[in-house]
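Please look over the model below before reading the notes. The briefing is arranged by topic.

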Amino acid sequence: MSLSEAEVQSARGAWEKIYVDAEDNGTTVLVRMFTEHPDTKSYFTHFKGMDSAEEMTQSDQVRGHGKKVFSAINNMVQHLDNSEAFLGIVTPLGKKHATQLKIDPKNFRIICDIILQLMEEKFGGDCKASFEKVTNEICTHLNNIYKEEGW
């Protein structure tokens, strides 16, 4: 992990701001992904029939998955200062998405970019800047796992 202790603390502070409302913010991220990148919805068979952002925002399935995404990232953020524990979270997540779910790895970058946009909108550029290195670490590790799995 290439984050200094100060970067870890700054990233955790930034993440705490958005994680306070994990379900709503996670839902916002997924709805933006599905509306701005409609092809991403094809991986979620139970989301396919939902066409409007309003319908997706009110869906228990979308809200639940948004919260699940934010909870997974929160778990990673709590272990930014422990590479072994961080990889213990990222590795099985990456393997499952690569081998069982067969999710295109570009979707992780899309989600991370939308999270950064939302951070900037709600809390300003400093918040986004504090978390950008974390999203890069997450995406780099996930991409490495996908390569190991033959993608």
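The notes below cover one helix, one pocket and two loop residues.

The model is predicted. Helix α7 spans residues 125–148 and bends by about 35 degrees at phenylalanine 131. The largest pocket has a volume of about 570 Å³, and α7 is one of the helices that each supply at least two residues of its lining.

**Helix α7**

- Helix α7 has 24 residues, and the distance from its first C-alpha to its last is 35 Å. The span expected at 1.5 Å a residue is 34 Å, close to that value.
- The bend of about 35 degrees is located at phenylalanine 131, and Phe131 is also among the buried residues of the helix.
- Besides Phe131, the buried residues of α7 include Cys127, Val134, Thr135, Glu137, Ile138 and Cys139. Further along, His141, Leu142, Ile145 and Tyr146 are buried too.
- The buried residues of α7 pack against four helices: α1 (5–19), α4 (60–77), α5 (83–100) and α6 (106–123).
- Glycine 150 follows α7 and has a positive phi, near 90 degrees.

**Largest pocket**

- The lining of the largest pocket is made up of 25 residues. Those nearest the centre of the pocket are Phe44, His65, Val69, His97 and Leu101.
- Helices α2 (22–36), α4, α5, α6 and α7 each contribute at least two lining residues. The most come from α4, which gives six.
- By residue class, the lining of the largest pocket holds 17 nonpolar, six polar and two charged residues.
- Three of the helices that supply the lining, α4, α5 and α6, are also helices against which the buried residues of α7 pack.

**Aspartate 81, between α4 and α5**

- Aspartate 81 sits in the loop that joins α4 and α5.
- Is aspartate 81 buried, exposed or partly exposed? Its relative accessible area is 47%, so aspartate 81 counts as partly exposed, given that this class runs from 20% to 50%.
- Leaving aside residues up to four places away in sequence, aspartate 81 touches Glu5, Val8 and Arg12.
- Lysine 41 is 40 residues from aspartate 81 in sequence. In space, the two are 33 Å apart, C-alpha to C-alpha.

**Lysine 102, between α5 and α6**

- Lysine 102 is found in the loop between α5 and α6.
- Although lysine 102 is not a glycine, its phi is positive, at about 55 degrees.

Technical notes. Residues numbered from 1 in each chain as written. Predicted model: local features only at pLDDT ≥ 70, side-chain atom pairs only at ≥ 80, totals over all residues. Heavy atoms only, no water. Expected span 1.5 Å × (residues − 1). Bend = angle between axes of the 7 residues up to and from the residue. Buried < 20%, exposed > 50% of the residue type's maximum accessible area, 1.4 Å probe, protein only. Contact = heavy atoms within 4.5 Å. 1 Å grid on protein atoms, 1.4 Å probe; cavity = no way out; pocket = protein on both sides within 12 Å on 5 of 7 lines; lining within 4 Å. Points joined across faces, edges and corners; volume = space filled by probe spheres on them. Nonpolar A, V, L, I, M, F, W, Y, C, P; charged D, E, K, R; others polar.
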